[in-house]
Amino acid sequence: MKTVNIKEISANPGKRLQFLEDFIGFTQDDWKALNDSVDVLGPKLPEMLDALYEHLLDFDDTRRVFLGKRGEVDPEYIAMRKEHLTAWVLKTVGGGDRSAFAAWLASGGKAHTGVAGESDRMVPPRYMVGLVAFIQNSFFTTLFEHLPNE
């Protein structure tokens with residue numbers, strides 16, 4: 001049985017990332033596969049993000065995050081969110097300093113949960129998990145479309 005040091009993974013983003021990798025069985029080979037996918041996923045990213053935000057706007061509870069002061073969808077805010085999500089995807093698939101990546105993820109998590117962000121734009125964890133699943137599905141679909149027919 002493996003022991004989980006809750007205090008350590010709660011306080012140290014690098015340790016938390018390592019724990020999550022171990023927990024789901026994510027290996028160096030998986031990181032390499034992500035890095036190798038950039039050429040296929042990169043050109044499709046705008047299309048994937050458009051589909052994601054259309055989906056988010058279809059639900060009242062997620063739509064509220066993107067509303068401006070007059071209660072209408074704020075296109076400038078959506079454009080900014082797309083930029084931030086593009087950065088997240090590129091940092092995720094691009095590799096680099098894993099410690100800096102872990103700290104960047106922790107900062108983004110705090111902003112989305114209202115700990116460090118705008119409280120009226122707080123995103124419940126269920127949607128963060130759903131967002132990651134939606135993006136994974138988009139990645140898999142795109143990658144499978146590029147597999148050779150055999």
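This report walks through the helices of a predicted model, from the overall fold to a few single residues.

## Ground rules

Because the model is predicted, local features need pLDDT of at least 70 and side-chain atom pairs count only at pLDDT 80 or more, while totals for chains, interfaces and linings use all residues. Residues are numbered from 1 along each chain as its sequence is written, and side-chain values use heavy atoms, with hydrogens and water left out.

## The whole protein

Let's start with the overall picture. The protein has eight helices and zero strands, where helices (H or I, at least four residues) and strands (E, at least two) are DSSP runs numbered from the N terminus. Read from the N terminus on, the order of elements is α-α-α-α-α-α-α-α. Along the principal axes, the C-alpha atoms fill a box of roughly 50 × 50 × 25 Å.

Of the 150 residues in the protein, 24% are buried; buried means under 20% relative accessible area, exposed over 50%, and partly exposed in between, with a 1.4 Å probe and protein chains only. Contact means heavy atoms within 4.5 Å. Among contacts between residues at least 6 apart in sequence, 62% join residues at least 24 apart.

## Helix α4 and its kink

Helix α4 covers residues 38-57, 20 residues in total. From first C-alpha to last, α4 reaches 27 Å, close to the 28 Å expected at 1.5 Å a residue; the expected span is 1.5 Å times one less than the number of residues. There is also a kink of about 55° at Leu45, shortly before the proline Pro46. The bend at a residue is the angle between axes fitted to the seven residues ending there and the seven starting there.

The buried residues of α4 are Leu41, Leu45, Met48, Leu49, Leu52, Tyr53, Leu56 and Leu57, so Leu45 marks the kink and is also buried by the cut-off of under 20%. What covers these buried residues includes α5 (60-63), α6 (75-94) and α8 (125-145).

## Where α6 meets α8

Two of those covering helices also pack against each other: α6 and α8 do so at an angle of about 65°, with their axes 13 Å apart. Axes here are lines fitted to C-alpha atoms, for helices over the stretch in contact, and angles run from 0 to 180 degrees between N-to-C directions. The crossing is right-handed, as the near helix is turned clockwise from the far one by less than a right angle (anticlockwise would be left-handed).

On the α6 side, Leu85, Trp88, Val89 and Val93 meet Leu131, Val132, Ile135 and Phe139 of α8. The residues of this contact divide into eight nonpolar, no polar and no charged. Ala, Val, Leu, Ile, Met, Phe, Trp, Tyr, Cys and Pro count as nonpolar, Asp, Glu, Lys and Arg as charged, and the others, Gly among them, as polar.

## Three residues up close

Val40 lies in helix α4 and counts as partly exposed because its relative accessible area is 24%. Leaving aside neighbours within four places in sequence, Val40 is in contact with Thr142, Leu143 and His146. Val40 and Phe139 are 99 residues apart in sequence, yet 9.3 Å apart C-alpha to C-alpha. His55, also in α4, is partly exposed because its relative accessibility is 32%. The C-alpha atoms of His55 and Leu131 are separated by 10.0 Å, with their positions 76 residues apart along the chain.

Ile78 belongs to helix α6 and is buried, because its relative accessible area is 10%. Beyond its neighbours within four places in sequence, Ile78 is in contact with Tyr53, Leu57, Phe66 and Val73.
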